[in-house]
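Please open the model in the viewer and display side chains as sticks. The tour proceeds by selection, with a note on what each stop contains.

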Amino acid sequence: EAIRKTWLYDFPTPAQYMALVRDIAARIEGPTVNVVLAPNSPQACTDALLEATAAESAAMGRPVQTHLLETAIQREWADATYPDGGFIPHLAKLGLLSPRFSGAHGVWLRPADCEVMARNGAAIIVNTSSNLRLRSGIAPVADYLAAGMPFGLGVDSFGIDDDDDILREMRVMHWLHSLDRLPRRLDVAGLFQAAHRTGFRACTGRDDYGAIALGAPADLLVLDWDAMAHDLIEGMQDEMEVLLTRATTRHVKHLFVAGRQ
């Protein structure tokens, strides 16, 4: 009975879900709060719900965020359920994949999947340490790069030391996906593209982020250089290398959001 009450209740219709999203947005959205459409996982949704999500996203310009092929079991399910056309092309046919779409994880995407995602402007949010900790695998970032598919980075509640430290996450992602023998390596510019621009776009649907420029959002993270480099000889180390080797949230000195400290 507990299982029935918790998980087997009558779900709202797709139209009711969309109305609920609009109601929540009307109540809480503001300059620094954005409501996105977030079906947990496509394999847990009917095609009708995914089509309604796609239509709502297109009509309202609202981002869509969902888990996508995080585990090997999900890959097996996708192959068994869509043996002909494929799972990712099926999502594209439903209209779900667009520049407003981001899928979390993408560990089990194949090169052909990445090409479909890239053609539709859809992104993946990589959660490197979570995927390592849960033994899900390593996201094929080299394939993302080869396909020209945008990707961001997140922690998905299972980061290193349970501290949700995005600076540590950047470090692990950078090292793991810039190994010497990879066919395509993640360079520093690509890492910051993921950290600044693609992640922001996934949350807001906006592209005007990741630069200190007139008209850009005035969001600045100030780090304590003396604390990070206390044992280094001045001028002997590349600042970016120090940042990507040592920075953690304990080095955060100030944070400005929309120009406000």
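Begin with helix α9, residues 166-176, in this predicted model. Colour L167, E169, M170, R171, V172, M173 and H174: each of these residues is buried.

Next, add D165 to the selection and look at the start of α9. A side-chain oxygen of D165 comes to within 2.9 Å of the backbone nitrogen of L167, and L167 itself is among the buried residues of the helix.

Now move to the aromatic side chains. Across the whole structure, a search returns 6 aromatic pairs. Select W77 and F87 to inspect one of them: the ring centres are 5.3 Å apart and the planes meet at 85°, so the arrangement is edge-to-face, a class that requires over 60 degrees. This pair joins distant parts of the chain, with W77 in helix α4 (residues 72-81) and F87 in helix α5 (residues 87-93), 10 residues apart.

Is each partner buried or partly exposed? W77 has a relative accessibility of 30% and therefore counts as partly exposed, whereas F87, at 3%, counts as buried. Extend the selection to Y82, which forms one aromatic cluster together with W77 and F87.

Finally, switch to a surface representation and select L20, I24, I28 and V33. These residues make a nonpolar surface patch of about 310 Å². Within this group, I28 belongs to helix α2, residues 14-28. Its relative accessible area is 47%, so I28 is classed as partly exposed, below the 50% that exposed residues must exceed.

Terms used. Residues numbered from 1 in each chain as written. Predicted model: local features only at pLDDT ≥ 70, side-chain atom pairs only at ≥ 80, totals over all residues. Heavy atoms only, no water. Phe/Tyr/Trp six-rings, centres within 6.5 Å; stacked < 30°, edge-to-face > 60°. Helix = DSSP H or I, 4+ residues; strand = E, 2+ residues; numbered from the N terminus. Buried < 20%, exposed > 50% of the residue type's maximum accessible area, 1.4 Å probe, protein only. Polar contact = N/O pair within 3.5 Å; in protein donor to acceptor, adjacent residues only side chain to side chain. Patch = residues over 30% accessible without salt bridge, like charges linked within 9 Å, V, L, I, M, F, W, Y side chains within 5 Å. Areas by Shrake-Rupley, 256 points an atom, 1.4 Å probe, with all protein chains shown as cover. Salt bridge = Lys/Arg side-chain N within 4 Å of Asp/Glu carboxyl O.
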